[in-house]
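User: I would like a close look at a single part of this model, with its surroundings followed outward from there. Please take the strand that you consider best suited to this and describe its partners, its side-chain contacts and its place in the fold.

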Amino acid sequence: MADGSDTTLTAEQTVAEQAPNGLVAGIKSFAAGHGGAKAVIEYVGKRGARIVLVGEDGAWADQFADGTDVARQACATAGVTVENAWERELMDQMRPSNDLWRSMARRTMAR
């Protein structure tokens with residue numbers, strides 16, 4: 001790659017945005033209500049990033065951020081550990097509600 005290429009990363013391009021207070025508050029609230037939480041961040045294209053929160057009690061929820069960098073910063077500010085991927089232990093900890101099972105069944109039957 002030639003010097004001066006527009007694809008070369010520089011320190012100025014890696015500045016992270018400030019995480020919105022509402023996002024941080026939502027993550028903190030979920031973690032406090034479920035005995036702590038872990039997060040997995042998923043990139044969802046132009047929409048940004050999905051933060052899937054899994055509580056210590058098995059409950060789970062999600063939040064959306066403008067990007068993965070904003071999502072990581074929000075989780076760090078809220079004191080929630082971010083997992084690198086969906087590990088077996090984390091998936092085994094999740095306990096879907098009965099309403100979610102019913103919702104998934106309706107979608108399957110509608111096909």
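Analyst: In this predicted model, 6 of the 7 residues of strand β2 are buried, so β2 is largely enclosed by the rest of the structure. The strand covers residues 49-55, and it belongs to an open sheet of 4 strands, arranged in the order β3-β2-β1-β4 with mixed pairing. The edges of this sheet are taken by β3 (60-65) and β4 (81-83), each of which has a single partner strand, so one side of each is left without a neighbour in the sheet. Between neighbouring strands the average turn is 30 degrees, with direction ignored.

On one side, β2 pairs with β3 in the antiparallel sense, over 6 bridges. Two of the residue pairs can be named here: the bridge partner of R50 in β3 is F64, and that of A49, also in β3, is A65. The connection between β2 and β3 is a hairpin with 4 residues between the strands, and in its turn G58 has a positive phi of about 95 degrees.

On the other side, β1 and β2 pair, again in the antiparallel sense, over 7 bridges. Within this pairing, A37 stands opposite G55 of β2. The hairpin of β1 and β2 has 5 residues between the strands, and G45 takes a positive phi near 75 degrees there.

The side chain of R50 deserves particular attention. A search of the whole structure finds 2 salt bridges, and R50 takes part in one with E42, where N and O are 3.5 Å apart, and in another with D62, where the closest N and O atoms are 2.9 Å apart. The pair of R50 and D62 links distant parts of the chain, with R50 in strand β2 and D62 in strand β3, 12 residues apart. Through the shared partner, the salt bridges join E42, R50 and D62 into one network.

How buried or exposed are these charged residues? R50 has a relative accessibility of 23% and therefore counts as partly exposed, since the buried class is reserved for values under 20%. E42, at 24% relative accessibility, is likewise classed as partly exposed, and D62 also counts as partly exposed, at 32%.

The loop between β1 and β2 adds further contacts to this region. V44 lies in that loop and is partly exposed, with a relative accessible area of 35%. When its neighbours within four places in sequence are set aside, V44 is in contact with A49, R50 and F64, and two of these, R50 and F64, are bridge partners of each other. A further distance that places this loop residue is the one between the C-alpha atoms of V44 and D66, which are 22 residues apart along the chain and separated by 9.9 Å.

F64 is also involved in a contact with a charged group, as the charged end of R47 sits over its ring, 4.0 Å from the centre. As for pairs of aromatic rings, a search of the whole structure finds 0.

Two helices complete the surroundings of the strand. Helix α1 (residues 21-33) packs on the sheet and touches β1 (37-43), β2 and β3, its direction making about 170 degrees with that of β3. Helix α2 (residues 68-78) lies across β1, β2, β3 and β4, and runs at about 175 degrees to β1. β2 is thus among the strands touched by helix α1 and among those that helix α2 lies across.

Seen against the whole protein chain, these elements belong to a set of 4 helices and 4 strands, which follow the pattern α-β-β-β-α-β-α-α when read along the sequence. Of the 111 residues of the chain, 27% count as buried, whereas in β2 this holds for 6 of the 7 residues. Among the contacts in the chain with a separation of 6 or more, 51% come from residues that are 24 or more positions apart.

Note on methods
Residues are numbered from 1 along each chain as its sequence is written. This is a predicted model: local features need pLDDT of at least 70, side-chain atom pairs count only at pLDDT 80 or more; totals for chains, interfaces and linings use all residues. Side-chain values use heavy atoms; hydrogens and water are left out. Two strands pair if DSSP finds at least two bridges between them. Axes are lines fitted to C-alpha atoms, for helices over the stretch in contact, and angles run from 0 to 180 degrees between N-to-C directions. Contact means heavy atoms within 4.5 Å. A salt bridge is a side-chain nitrogen of Lys or Arg within 4 Å of a carboxyl oxygen of Asp or Glu. Buried means under 20% relative accessible area, exposed over 50%, partly exposed in between (1.4 Å probe, protein chains only). Rings of Phe, Tyr and Trp (its six-membered ring) pair if their centres lie within 6.5 Å; planes under 30 degrees apart count as stacked, over 60 as edge-to-face and the rest as tilted. A charge sits over a ring if NZ of Lys or CZ of Arg is within 6 Å of the ring centre and within 35 degrees of the ring normal.
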